[in-house]
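Visitor: I should be grateful for a close look at a single part of this structure, set in the context of the chains around it. Please take the sheet and its strands as that part.

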Amino acid sequence: MAIAVVLVLLVIGSLIFHFASPWWFTPIASNWSTMDDTVILTFWVTGVVFIAVNLFLAWVVWKYRHRKGHKAKYDPENKKLEWWLTIVTSIGVAAMLAPGLFVWGKFVNVPEDAAIVEVVGQQWHWNFRFPGDDGEFGHSDATLITPENPFGLDPDDPRGSDDVLVASPELRLPVDQPVKVLLRSKDVLHNFTVTQFRVKMDLVPGMITHMWLTPTVPGSYEILCEELCGMGHFAMRGRVVVTPREEFETWLAALPTFGATQALAAADPAAGAGLYAVCTACHGASGEGNPALNAPRLAGQQAWYIRRQLDAFRDGRRGAKEGDVYGAQMRAFAAMVQDDTSARNLAAHLEGLAAPQPQATVAGDVDRGRRLYANCANCHGHQGEGIWALNAPRLAHMSDWYLVRQLQNFQHGVRGTDAGDYYGWQMATFADALKDERSINDVVAYINTLDPEPVRTARKD
Amino acid sequence: MAYVAIADRDAPIHDPHTFIEKYIWSQDHKVIAIQYSIVAIFVGLVALVLSGLMRLQLGFPDSFHFVDPNQYYQFITMHGMIMVIYLLTALFLGGFGNFLIPLMCGSRDMVFPYMNMLSFWVYLLAVIVLLASFFVQGGPTGAGWTLYPPQAVLPGTPGAGLGIILMLVSLGIFIVAFTMGGLNYVTTVLQARCRGMTLMRMPLSVWGIFVATILGLLAFPALFVSAIMMTLDGTLGTSFFMPALSSMGQAPEHDGGSPLLFQHLFWFFGHPEVYIVALPAFGIVSDLLATHARKNIFGYRMMVWAILAIGGLSFVVWAHHMYVSGMNPYFGFFFATTTLIIAVPTAIKVYNWVLTLWKGDIHLTVPMLFAIGFIFTFVHGGLTGLFLGNVTVDLPLSDTYFVVGHFHMVMGVSPVLVVFGAIYHWYPKLTGRMWDDRLGRIHFWLTFLGTYAIYLPMHYLGILGVPRRYYALGETEFLPQSVHTVNAAITIAALVVAASVVIFLYNMIVSLWRGEKSPPNPWKATTLEWQTPDTPAKHGNWGPRLPEVHRWAYDYSVPGAPDDFIPQNVPVDSRYATGTGHHG
């Protein structure tokens, strides 16, 4: 008896939940509203079946429940009824399948006037490439990837030199322009998903996959990775900004071409040494850092990271947040670095400075720290040496008190909250996995035991 | 089919005397069934605990420092693989298959009892190897239960060293165990049925297990070869599934392999695997419904053909798991069509279950409650499958919580409800005792309502776009605060359901001693296992004489008959016999 009542209540409850729940499609921002239509059609067909079957079930359970003297009817089969049900079911299935295939027919045929853009995925970042003036992409190959050529483009392919590189997780697209999205992965499977666009597709190393869409609503949309790609999967985010065409063109024109990035002169550490003189007051003559002045060690830190942080300080993505006293201080000094060349030289100088094991100032449970650090090692390396490919700076032999403070900053929203600071945002997401002060101390205490030098030396060979 | 004399051998093939021969190194299918079931349920409890840990993280992401990202991915991987392979497949085939096939077919034992015994011990070895990966450097693999390369064997994924190798080795061992058991089940069904037990008189439980085993024998080899190939990729540096790539800024020495090849092989196994779990559940629930409704199964022949049709079709739908994998999008047309066609025989089964209850005499026993609960959850899970099978509809929903909700309803909750119902149903035959009815009902309500509270909201989170396999959602602009609130609520429901399993285990264990003695056929069922001379059935099952079958398995409430059931081994009586006429 109770089960019959409960079945009815579950049907009613499910319907109420369906209509009252606050969770439904995000407002669509692409041409694929027909996909939403097929979902809604499927809801109608399956909803009717769900209600009909379960209410009938409930009625049957109630009506034919055991009572004294009641006997079941011997009723082995009823061909007519079975055929009738089969036919009705087949019609219902066809009613869902046909529109679905019709829309799929549109999806598999990319319009001829579609622009092209390449999405490049890697653990756990997004980059993008536009074909440049010639409208064609240069050849790419995963084995060509180096710190100087992170996109792995073939320098000998003339089609590639005008390719425009977006070395950031933010992509811009012009509104109302159909675009064929070519998808390439450097390492493992990923999936390019913008929920508001509805369509999504995996990135598969070794092949180029694709999909197409027309962004229809200007705005800013998050990119999520939706194919499990390792520990950092949940933090592999990016952004698509859909803008009017003129705005898009301006943005695109300011980006470097592959040719331009290859033509950059090598950084000059000697010139950097001269520039560094100003910094020594706080960071120390050999970049050893000074806790009394809240100045972290810089010696041995990877050049790409120092450059990125200088940029962030200069344009306010870092240090501008209320509560970041020391960051604000650094902003004033960073402004003194005149241009990119200076920043590159300065960073090259610092990377070359020796970084012996510093005095430990943080104590914690090293064994527990080791277990926690297994997560961090995925990006920062097993010896805390830092891995450029993952945008993860060196941690070992750096100032431990500074690591603690930055982890706290990440957790408390002091760092990594600026809309343009994707890498900081990602680190803030990971930092949340350290759920208390003790965990921070433990993991930093373990980092104090690491020795990055052998790894660094091996990598250089 | 011509009768084969193998079942008639009076002398048992094996004749145990010592305790070890009887209960440990045993060749008796009933003992092996219990061994299989205990190990499967044990390892399933491990997977249940893992899911609880995951839910703690998802519901309360800032509170439990014992779940870090690496562990979270290890937990989802092990939870999924254990539940699908080491619990459900092992329990339905190794457990129920072993127990029911000889008893329901009127055989003395499996045809190859020694191999049957080995099957269990090899399965145990597979479980040990699997669990060993929790204790090796780097821990178990966190590649997701689908184990997709390249990430499964590359740094960045937890357990990419030893963990994944142990997983692959364990799967290989499991498949060896399954093959030894599976050949037994198929051969026993085909060759060792007692006199009169034609194929079209077999109970649907046997049909479901039989066809599922055939699916397994055809599908597991695809997993077996892919496990070997990935092991070679991970250890010897071959490149079956590994293209040239750049991992962590370094270029490993791989070139020319195809990650998609693995996905095709995996799902060529993986989709039939869904039915390896579902078909035994379909069969068993049919028998529970018929027995407790005192009514013949409606449309028996259609039910058998539906099982065969679903089994056959299950081999041509695999790529519906790969609509967004980057395979040629034109495949979508074919696989969406085959997938939606499979809905037709599946729907017929649902109709026939409900029509079996129609005009029945429904005893709302605990097994019956689970069977009715199954119909509800399976209808729900089956219908959401129509979303995901239809390629266009799948695109927005793929890789979201809609998928998580769907597959848990259809191949998590539904088969598990049948498992529980079946255990309650056959427990008196297995142990000679009855469980506590009140605890059984509490267990049912907590499980049935609790699981719906877990999975219904997940579908809607998926429509909103909440991605699956996220350790933490963090700040995602399009997700309102209510998503985090409902995640906490789901976690609480999950903990309640997990607690209800404790009630179930308590009931099953304590009733071994305290349960009332059960009559040999407490449900007044028609099938042969209830007609054994001893309860619990003794070694050899049938005493001196094998049973002889005279009618189909569903002669309930035959007009004119004195009782509302006629066991299969009761000779035809011209006054009211209807059982052989329609279905001989």
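Guide: A residue counts as buried if 20 or more other C-beta atoms lie within 10 Å of its own, and as exposed if 12 or fewer do. By that criterion, 46% of the 461 residues of chain A are buried in this predicted model. The secondary structure of chain A comes to 15 helices and 10 strands.

The sheet in question is an open one of five strands, all from chain A, in the order β3-β2-β1-β5-β8, and its pairing is mixed. Its edges are formed by β3 (164–166) and β8 (209–213) of chain A, each of which pairs on one side only. On average, neighbouring strands of the sheet are turned by 25 degrees against each other, direction ignored. In general, the strands of a sheet pair through backbone hydrogen bonds, in either the parallel or the antiparallel sense.

Strand β1 of chain A, residues 115–122, is a convenient place to begin. This strand is mostly covered, with six of its eight residues buried. β1(A) and strand β2 of chain A (residues 125–130) pair in the antiparallel sense over five bridges. The two form a hairpin, with two residues between β1(A) and β2(A). Within this pairing, A:V119 stands opposite A:F128 in β2(A). β1(A) also runs parallel to β5(A), to which seven bridges join it. Here A:V117 is found opposite A:V181 in β5(A).

From β5 the path leads to the edge. Strand β5 of chain A covers residues 179–185 and pairs with β8(A) in the antiparallel sense, over five bridges. In β8(A), A:T209 stands opposite A:L183.

The wider setting of the sheet is chain A as a whole. A compact globule of 461 residues would have a radius of gyration near 23 Å, whereas chain A has 29 Å. The C-alpha trace of chain A spans about 100 × 60 × 40 Å along its principal axes. Among contacts in chain A between residues at least 6 apart in sequence, 71% join residues at least 24 apart.

Outside the sheet, helix α1 of chain A offers a view of the other chain. This helix covers residues 2–20, 19 residues in number, and reaches 26 Å from its first C-alpha to its last, close to the 27 Å expected at 1.5 Å a residue. Its buried residues are A:I3, A:A4, A:V6, A:L7 and A:L10. Seen down the axis of α1(A), these buried residues fall within an arc of 165 degrees, so they line one face of the helix. The face turned away from that buried side carries the exposed residues of α1(A), among them A:V5, A:L9, A:I12 and A:F19. The buried residues of α1(A) pack against α2 (33–63) of chain A, together with α11 (366–389) and α14 (437–464) of chain B.

Chain B itself has 16 helices and zero strands. With 584 residues, a compact globule would have a radius of gyration near 25 Å, and the 24 Å of chain B agrees with this. Its C-alpha atoms fill a box of roughly 80 × 50 × 50 Å, taken along the principal axes. Of the 584 residues of chain B, 64% count as buried.

Terms used: Residues are numbered from 1 along each chain as its sequence is written. Chains are lettered from A and ligands numbered from 1 in the order in which they are written. This is a predicted model: local features need pLDDT of at least 70, side-chain atom pairs count only at pLDDT 80 or more; totals for chains, interfaces and linings use all residues. Helices (H or I, at least four residues) and strands (E, at least two) are DSSP runs, numbered from the N terminus. The expected span of a helix is 1.5 Å times one less than its number of residues. The arc is that of the directions from the helix axis to the C-beta atoms. Two residues are in contact if their C-beta atoms, placed from the backbone, lie within 7 Å. Two strands pair if DSSP finds at least two bridges between them. Axes are lines fitted to C-alpha atoms, for helices over the stretch in contact, and angles run from 0 to 180 degrees between N-to-C directions. The radius of gyration is taken over C-alpha atoms; the globule rule is 2.2 Å times the number of residues to the power 0.38.
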